Amino acid sequence: MLHYYHAFFPAHFHLWYLALLFLAGLVGESFGALVGGGSIITLPALLFTGIPLQSAIAIDNTMTLGTLAGIISETYKQAIANKKLVLLMAIPSLLGSIIGTWLLLTVSGTIIRYLLAIVVIFIVV
């Protein structure tokens with residue numbers, strides 16, 4: 001049955017990549033829920049498997065929805081107590097998501113790679 005996995009994944013995708021992505025998702029999103037920045041673990045794993053940069057970024061952003069849902073389910077009482085702050089942060093976050101998605105779809109992969117390199121260097125330094 002496992003020999004049919006190429007129907008769901010690109011030809012270059014090796015089956016062991018699933019274990020790698022599972023582990024990276026588990027560690028990265030746990031780290032992200034704890035202190036933020038789990039993408040520093042998950043995005044390189046996605047790129048390692050040969051997924052194109054824009055797709056890897058979109059997948060990584062989608063992966064954080066599970067973390068977000070878990071955090072909200074555990075901290076909703078604090079969020080309700082800080083309604084004004086939540087609303088104040090929600091509006092620019094929503095606008096930033098829309099602008100970021102538009103940029104991801106319109107800016108060349110080369111520019112995104114340079115921006116990603118700058119961010120990684122900034123994080124390391």
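These legends go with four close-up views of a predicted model.

**View 1. A nonpolar patch on the surface.** Here we're looking at Phe31, Leu34, Val35, Ile40, Val119, Val120, Ile121, Phe122, Ile123, Val124 and Val125, which together offer about 1200 Å² of accessible area. Two elements, helix H1 (16–35) and helix H5 (109–124), each put two or more residues into this nonpolar patch. H5 has the largest share, with 6 residues.

**View 2. Val120, one of the patch residues.** Zooming in on helix H5, we find Val120. Its relative accessible area is 35%, so Val120 counts as partly exposed. That value sits in between the cut-offs, under 20% for buried and over 50% for exposed.

**View 3. Thr49, in the loop between two helices.** The loop in question runs between helix H2 (39–48) and H3. Thr49 is buried, because its relative accessibility is just 1%, and the cut-off for buried is under 20%. A polar atom of the Thr49 side chain lies 2.6 Å from the backbone oxygen of Leu46. Leaving aside residues up to four places away in sequence, Thr49 touches His12, Phe13, Tyr17, Leu20 and Leu21.

**View 4. Gln78 in helix H3.** This helix covers residues 53–81, and Gln78 is part of it. With 47% relative accessibility, Gln78 comes out as partly exposed. Also in the frame is Leu95, 17 residues apart from Gln78 along the chain. The C-alpha atoms of Gln78 and Leu95 are separated by 23 Å.

Definitions and conventions: Residues numbered from 1 in each chain as written. Predicted model: local features only at pLDDT ≥ 70, side-chain atom pairs only at ≥ 80, totals over all residues. Heavy atoms only, no water. Patch = residues over 30% accessible without salt bridge, like charges linked within 9 Å, V, L, I, M, F, W, Y side chains within 5 Å. Areas by Shrake-Rupley, 256 points an atom, 1.4 Å probe, with all protein chains shown as cover. Salt bridge = Lys/Arg side-chain N within 4 Å of Asp/Glu carboxyl O. Helix = DSSP H or I, 4+ residues; strand = E, 2+ residues; numbered from the N terminus. Buried < 20%, exposed > 50% of the residue type's maximum accessible area, 1.4 Å probe, protein only. Polar contact = N/O pair within 3.5 Å; in protein donor to acceptor, adjacent residues only side chain to side chain. Contact = heavy atoms within 4.5 Å.
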